[in-house]
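Let's take a walk through this one together. Have the sequence and the model open side by side, and follow along as we go.

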Amino acid sequence: MTGAYTDIIIAGGGMVGAALACALAERDFTVTLLERREPRETWPADSYDIRVSAISHASRNIFANLQAWPGMVKRRITPYEHMLVWESGGAQVHFDAADIGEPNLGHIIENRVIQIALWEQMQSLNNIELLCPASISGLNLSEESPAVVLNDGSHRTASLIVAADGGRSSLRELAGIPTGGWDYDQTAVVCTVQAERGNQSTCWQRFMPNGPLAWLPMDDDLFSIVWSTTPEQAQELMDMPADDFDSALTNASEERLGALRLMGERGAFPLRLQHAKKYIKPGLALVGDAAHVIHPLAGQGVNLGLLDMAELVDVLGRARDRNQPLGALQTLRRYERARKGENIAMQGSMDLFKRTFSSSLPPLKLLRNLGMGLTERLPPVKNLLIRNAAGTLGNTPTLAKKAP
Ligand SMILES: Cc1cc2nc3c(=O)[nH]c(=O)nc-3n(C[C@H](O)[C@H](O)[C@H](O)COP(=O)(O)OP(=O)(O)OC[C@H]3O[C@@H](n4cnc5c(N)ncnc54)[C@H](O)[C@@H]3O)c2cc1C
């Protein structure tokens, strides 16, 4: 296959793919980005996206280094200073940004805000070719000149193709890369709610026998909730009248936030754990959800994806400086080595958390109460957990470091 040439083709212009395109273009690579759906550019100021992300300090640094942060700030971001995690009748842990000398623990941002701010930035860079709507129907992999066939029948050749096309990645499938994992038999119900006692700049999370329920602070007295539970209970929560939903949610919060009131629509997302057996093939790299899908209980999915893309940018920059082919396995192994272990460790700890906290077996209940009690009383452990969640521990890629 031959056709129009570009350094790097990215399939998927979601949060991870769009950030990668900006980062590579700012380093003078030529990029073609293919996205099958045009993102929404505007919406009424009083409407809220039911999909939001808890953005770590490392991800904020990435957005800031890509000049996309101001586009998010001008739309809507919500910093939070505290996180309170509890189990009914059990211990609780309170994390405070002041304990690590930071003004906040992170930000809650609507996914549509993140994506459109990155798209604006992409459109300002003239070495990005943006093809939308477009998708890929064929793939021909090689170390030197991997190529794709687009759905309009045209061909594109590059030095590297990146799959950033999400958990159901068709590129991963075309490349024949298998995945491991399982369904959690849980569904996350998400929506925006108003709280009588305001958001108190706090993320709240209660562990319940059917799964965790999180309240992520938005404007003033609003929260975005993620209620992970059995598919049956999720269906009930989706179907029940708004008043009944309000009562169920207020009860589930043990009234810590006062009365809670549903604002707008509800959405449901089946949860699963998925990990690609390989992140790379000659001429191809997987990033973000195309490589790994994790339980949303610690809000780490897109944060991990952004670290993938930042690492890949470092690896490709070094390869170019040394005149090494971008799509060679020797080059791409550096990326896989840096990210796969980290992602598996995070995925594994979230899975362990989910299992430990979903069990009502008395020894496990005792163990988790002891664990939470100890964490609460041991500031160094708490601080380590906060810094780990912030994504700023260990060897962070260049883009994830704070701009000087
Ligand atoms: C309920 C819930 C709550 C979550 N909360 C958080 C949180 O608080 N913090 C956090 O870090 N993570 C969270 N996550 C995870 C986070 O949403 C994902 O990790 C993130 O969306 C992955 O981004 P991505 O760009 O890799 O993939 P996606 O967001 O799936 O984007 C993929 C893009 O590729 C496009 N595409 C797909 N197929 C093709 C194709 N064939 N050709 C061209 N384009 C294609 C799609 O249209 C889309 O734009 C949550 C997930 C869930 C389900």
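Start at A54, which stands opposite I108 in β7. Keep in mind that this is a predicted model. That pair belongs to a longer match-up: β3 and strand β7, residues 106-110, run antiparallel to each other over 4 bridges. As a reminder, strands of a sheet pair through backbone hydrogen bonds, either parallel or antiparallel.

Zoom out a little and you'll see an open sheet of 3 strands, in the order β3-β7-β4, with antiparallel pairing. The edges are β3 and β4 (78-80), each pairing on one side only. On average, neighbouring strands here are turned by 25 degrees against each other, ignoring direction. Helix α4 (residues 111-123) packs on this sheet, where it touches β3 and β7, and its direction makes about 85 degrees with that of β7.

Now for the ligand. It has 32 residues around it, and the closest are G12, G14, G166, G288 and G301. Our strand β3 (52-55) turns up again here: along with α1 (15-26), β12 (179-195) and α8, it gives two or more residues to the shell. By class, that shell holds 13 nonpolar, 14 polar and 5 charged residues.

Which element gives the most to the shell around the ligand? That's α8, with 4 residues. This helix covers residues 301-321, 21 in total, and reaches 31 Å from first C-alpha to last, close to the 30 Å expected at 1.5 Å a residue. Of those 21 residues, 16 are buried, so α8 is largely enclosed by the rest of the structure. Just after α8, look for N323, which takes a positive phi of about 60 degrees.

Technical notes:
Residues are numbered from 1 along each chain as its sequence is written. This is a predicted model: local features need pLDDT of at least 70, side-chain atom pairs count only at pLDDT 80 or more; totals for chains, interfaces and linings use all residues. The expected span of a helix is 1.5 Å times one less than its number of residues. A residue is buried if 20 or more other C-beta atoms lie within 10 Å of its own, exposed if 12 or fewer, and partly exposed in between; C-beta atoms are placed from the backbone. A residue is near a molecule or strand if its C-beta atom, placed from the backbone, lies within 6 Å of it. Ala, Val, Leu, Ile, Met, Phe, Trp, Tyr, Cys and Pro count as nonpolar, Asp, Glu, Lys and Arg as charged, and the others, Gly among them, as polar. Two strands pair if DSSP finds at least two bridges between them. Axes are lines fitted to C-alpha atoms, for helices over the stretch in contact, and angles run from 0 to 180 degrees between N-to-C directions. Two residues are in contact if their C-beta atoms, placed from the backbone, lie within 7 Å.
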